[in-house]
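Colleague: I should like to go through the empty spaces in this model and then one of its helix pairs. Could we take the pockets and cavities before the helices?

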Amino acid sequence: MTDPISFKLKKHFDRYIHDPIAALIAIPLFLILKILPYKLSSYLCGTLMYLIAPFTSYNNRVKRHMCIAFPKKSSKEINKLVFRHWFMLGQTIGEMPHINKMIKLGVLETDGLEKIKTGPAILVGAHMGNWEFLLRVGDLAGRRAGYVFRPINNWILNKIQIHRNKDANADFYRKGRLAAIGMASKIKAGEIVGLTGDQLLREGINVSFFGVETPTPQAAAIMALKWNTPIYMVRIERFNGIRFKMTVEDKLNIPTNLDKEKATYEITRLISSRIEEWIIDKPEQWLWAHRRWGK
């Protein structure tokens, strides 16, 4: 059990020393990237990540995760994939200050938005391509969506992130009880909600992901069954030349002949399986550093 005094000291250290120092470093960097042209910002961050990330502890984690997903790939193939992944993750970071500008400039192609222009819907995406575009899918369809977000550990950067997304024409709900209440009110009002389905959730249900049973978010399944609401998978793909495609796929086939528990499992499995297919198609574009299979 963690010592209460040590925990309290660490909490105060993070809030008053660590977080402000980290913010003092991150905020100027973000402002510099925002001033740069988006292509330069993207390629600059991609190059820096490509050069630096392989020397961090995260590199071994990424390799380990890729070996879980692709056990038949050789070490050479995995290493090549790791480098491509770091470059594209760096690009994603460099593009974050420019998302709205990039949409206006037409670098994002959309397909299937007409499917969610009316009626309630649950949108499920993944951390692929550039997942910042997921926060704009509702607005692009002419709707004001509600999105669930996981707070950044740094309380200062978290406040800035919330402020930065104010122009997304959306409501944001912090993961937990408030998110459940917010999403419920949205769906009952005939509106749309969005969340990601590719991250570890300790309170989730065990579903196979690349052959390994791992706790998986089941909120989309629960809401779909409770309010008879369609689920649409939303895919973001990255292409050469800093171009993207957002696809709202056909609604998920929700089983009607199963009890609630089995139906929840099956829907969650279908979501997880579809995300697997996206990753297999474009493996370098997924966020491999996340502990999807736990420690």
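Modeller: Certainly; please bear in mind that the model is predicted. The second largest pocket holds about 240 Å³ of space.

Colleague: Which elements give two or more residues to the lining of that second largest pocket?

Modeller: Helix H1 (4-35) and helix H7 (155-164) do so. H1 provides the largest share of the lining, 4 residues.

Colleague: And which residues line the second largest pocket?

Modeller: The lining consists of Lys 11, His 12, Arg 15, Asp 19, Pro 151, Ile 152, Asn 153, Trp 155, Asn 158 and Arg 174. By class, 3 of the residues lining this pocket are nonpolar, 3 are polar and 4 are charged.

Colleague: Turning to cavities, how many are there of 30 Å³ or more?

Modeller: The count comes to 2 cavities of 30 Å³ or more. The largest cavity has a volume of about 70 Å³, and the second largest cavity contains about 50 Å³ of space.

Colleague: What lies nearest the centre of the largest cavity?

Modeller: Of the 13 residues in its lining, Val 124, Gly 197, Pro 217, Ala 220 and Ile 271 lie nearest the centre. At least two lining residues come from each of strand E5 (192-196), helix H9 (219-227) and helix H10 (260-281).

Colleague: How many charged residues does the lining of the largest cavity have?

Modeller: The lining of the largest cavity has no charged residues; it divides into 7 nonpolar and 6 polar.

Colleague: What about the second largest cavity: which residues line it?

Modeller: His 85, Met 88, Leu 89, Thr 92, Gly 129, Trp 131, Glu 284, Gln 285, Trp 286 and Leu 287 form the lining of the second largest cavity. Of these lining residues, 5 are nonpolar, 4 are polar and 1 is charged.

Colleague: Now the helices. At what angle do H3 and H4 pack?

Modeller: Helix H3 (residues 57-69) and helix H4 (residues 75-95) pack at about 120°, and their axes are 10 Å apart. H3 is therefore oblique to H4.

Colleague: Is the crossing of H3 past H4 left-handed or right-handed?

Modeller: H3 passes H4 in a right-handed crossing. On the H3 side, the contact is made by Tyr 58, Asn 59, Val 62, Lys 63, Met 66 and Cys 67. H4 contributes Ile 78, Asn 79, Leu 81, Val 82, His 85 and Trp 86.

Colleague: How does that contact divide by class?

Modeller: The contact of H3 with H4 has 8 nonpolar, 3 polar and 1 charged residues. His 85 belongs to the H4 side of this contact, and His 85 also lines the second largest cavity.

Conventions. Residues are numbered from 1 along each chain as its sequence is written. This is a predicted model: local features need pLDDT of at least 70, side-chain atom pairs count only at pLDDT 80 or more; totals for chains, interfaces and linings use all residues. Side-chain values use heavy atoms; hydrogens and water are left out. On a 1 Å grid over the protein atoms alone, a cavity is a set of points where a 1.4 Å probe fits but cannot get out, and a pocket is an open set with protein on both sides within 12 Å along at least five of seven lines; lining residues have an atom within 4 Å of a point. Grid points are joined across faces, edges and corners, and a volume is the space filled by probe spheres set on the points. Ala, Val, Leu, Ile, Met, Phe, Trp, Tyr, Cys and Pro count as nonpolar, Asp, Glu, Lys and Arg as charged, and the others, Gly among them, as polar. Axes are lines fitted to C-alpha atoms, for helices over the stretch in contact, and angles run from 0 to 180 degrees between N-to-C directions. Angles under 35 degrees count as roughly parallel, over 145 as roughly antiparallel, 65 to 115 as roughly perpendicular and the rest as oblique. A crossing is left-handed if the near helix is turned anticlockwise from the far one by less than a right angle, and right-handed if clockwise. Contact means heavy atoms within 4.5 Å.
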